[in-house]
Amino acid sequence: MRWISIEIQGEKDLAVALTRMADDVADLTPYWGDVQQEFYKIEREAFALQGASGKSGRWAALSPRYAVIKFKRWGSQPILTASGALRDSLTSETASSAITRKEKDSLTLGSSIPYGAYHQSGTSKMPARPPISLTENQHAQLLRKLTKQLKEAAKRNGF
């Protein structure tokens, strides 16, 4: 009786490469930097276009009463930009109020400025003006940044 024999050349190399790739994918921390910078780019555009680039659409206009108060205190500033603190916290990790948590399997970006939450969801007295309102295309942009990094890791590991 004849037996079929299969020999895989480079089996050990493949096992090593797969192990390295598994290690790379198990901890995404090194890859979050590009995703973070892309998020900041999207947010800078949102602030420049006063929300028009996001899923929620252009931010609601200020009430006439508040527009006068804001102008007296801050001068002529776009919506959601008075002191610039909220904008800065959502567009740069160096802002003292920026929230950045890079973990093995998640990335958290945001702002610790208390009034940011009111703008995100609105209140009974104030319409929502969500500073973070990503479109499907913007979500895809963020995912492409991560995918690019993982493809490069795969190449480094011999795939």
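Partly exposed is the label for a residue whose relative accessible area falls between the buried range, under 20%, and the exposed range, over 50%. Asp 88 is one residue with that label, at a relative accessible area of 32%. Keep those cut-offs in mind as you look around this structure, which is a predicted model. The chain has six helices and two strands, and 31% of its 159 residues count as buried.

**Overall layout**

- Following the sequence from start to end, you meet the elements in the order α-α-α-α-β-β-α-α.
- The chain is more spread out than a compact globule, because its radius of gyration is 23 Å, well over the 15 Å that the globule rule gives for 159 residues.
- The C-alpha trace, taken along its principal axes, spans about 95 × 30 × 25 Å.

**Salt bridges**

- Here is a general idea to start with: side chains of opposite charge can pair when their charged atoms come close.
- How many salt bridges does a search of the whole structure find? The search finds three.
- One of them joins Asp 88 to Arg 87, with 3.1 Å between the closest N and O atoms. Arg 87 is partly exposed, because its relative accessibility of 29% lies between the 20% and 50% cut-offs. Asp 88, at 32%, is partly exposed too.
- Another joins Lys 41 to Glu 38, and here the closest N and O atoms are 3.9 Å apart. Both residues sit in helix α2, three residues apart, which is about one turn of the helix.
- Glu 38 also meets Lys 145 in a salt bridge, at 3.9 Å from N to O. This pair links distant parts of the chain: Glu 38 belongs to helix α2 and Lys 145 to helix α6 (residues 136-156), with the two residues 107 apart in the sequence.
- Is Glu 38 buried or exposed? Glu 38 is buried, because its relative accessible area of 8% is under the 20% cut-off.
- The two lysines that pair with Glu 38 are labelled in another way: Lys 41 is partly exposed at 46%, and Lys 145 is partly exposed at 28%.
- Which residues are joined into one network by salt bridges that share partners? They are Glu 38, Lys 41 and Lys 145.

**Aromatic pairs**

- The structure has two aromatic pairs. One of them is formed by Phe 47 and Trp 59, whose rings are 5.3 Å apart from centre to centre.
- The planes of these two rings stand 70 degrees apart, so the pair counts as edge-to-face, the label for angles over 60 degrees.
- Phe 47 and Trp 59 link distant parts of the chain, 12 residues apart. Phe 47 lies in helix α2 (residues 32-48), while Trp 59 lies in the loop between α2 and α3 (64-74).
- Phe 47 is buried, with a relative accessible area of 4%, and Trp 59 is buried with a value of 4%.

**The cavity**

- The structure holds one cavity of 30 Å³ or more. The largest cavity has a volume of about 60 Å³.
- Of the 13 residues that line the largest cavity, Glu 43, Ala 46, Gly 54, Pro 131 and Ser 133 are the closest to its centre.
- Which element gives the most to this lining? Helix α2 does, with three residues.
- Sorted by class, the lining has six nonpolar, six polar and one charged residues.

**The largest pocket**

- The largest pocket has a volume of about 440 Å³.
- The pocket is lined by 21 residues, and those nearest its centre are Leu 62, Tyr 66, Leu 80, His 119 and Met 126.
- Three elements give two or more residues to the lining of this pocket: α3, α4 (85-91) and α5 (114-121). The largest share comes from α3, which gives four residues.
- By class, the lining of the largest pocket has 12 nonpolar, five polar and four charged residues.

Terms used: Residues numbered from 1 in each chain as written. Predicted model: local features only at pLDDT ≥ 70, side-chain atom pairs only at ≥ 80, totals over all residues. Heavy atoms only, no water. Phe/Tyr/Trp six-rings, centres within 6.5 Å; stacked < 30°, edge-to-face > 60°. Buried < 20%, exposed > 50% of the residue type's maximum accessible area, 1.4 Å probe, protein only. 1 Å grid on protein atoms, 1.4 Å probe; cavity = no way out; pocket = protein on both sides within 12 Å on 5 of 7 lines; lining within 4 Å. Points joined across faces, edges and corners; volume = space filled by probe spheres on them. Nonpolar A, V, L, I, M, F, W, Y, C, P; charged D, E, K, R; others polar. Salt bridge = Lys/Arg side-chain N within 4 Å of Asp/Glu carboxyl O. Rg over C-alpha atoms; globule rule 2.2 N^0.38 Å.
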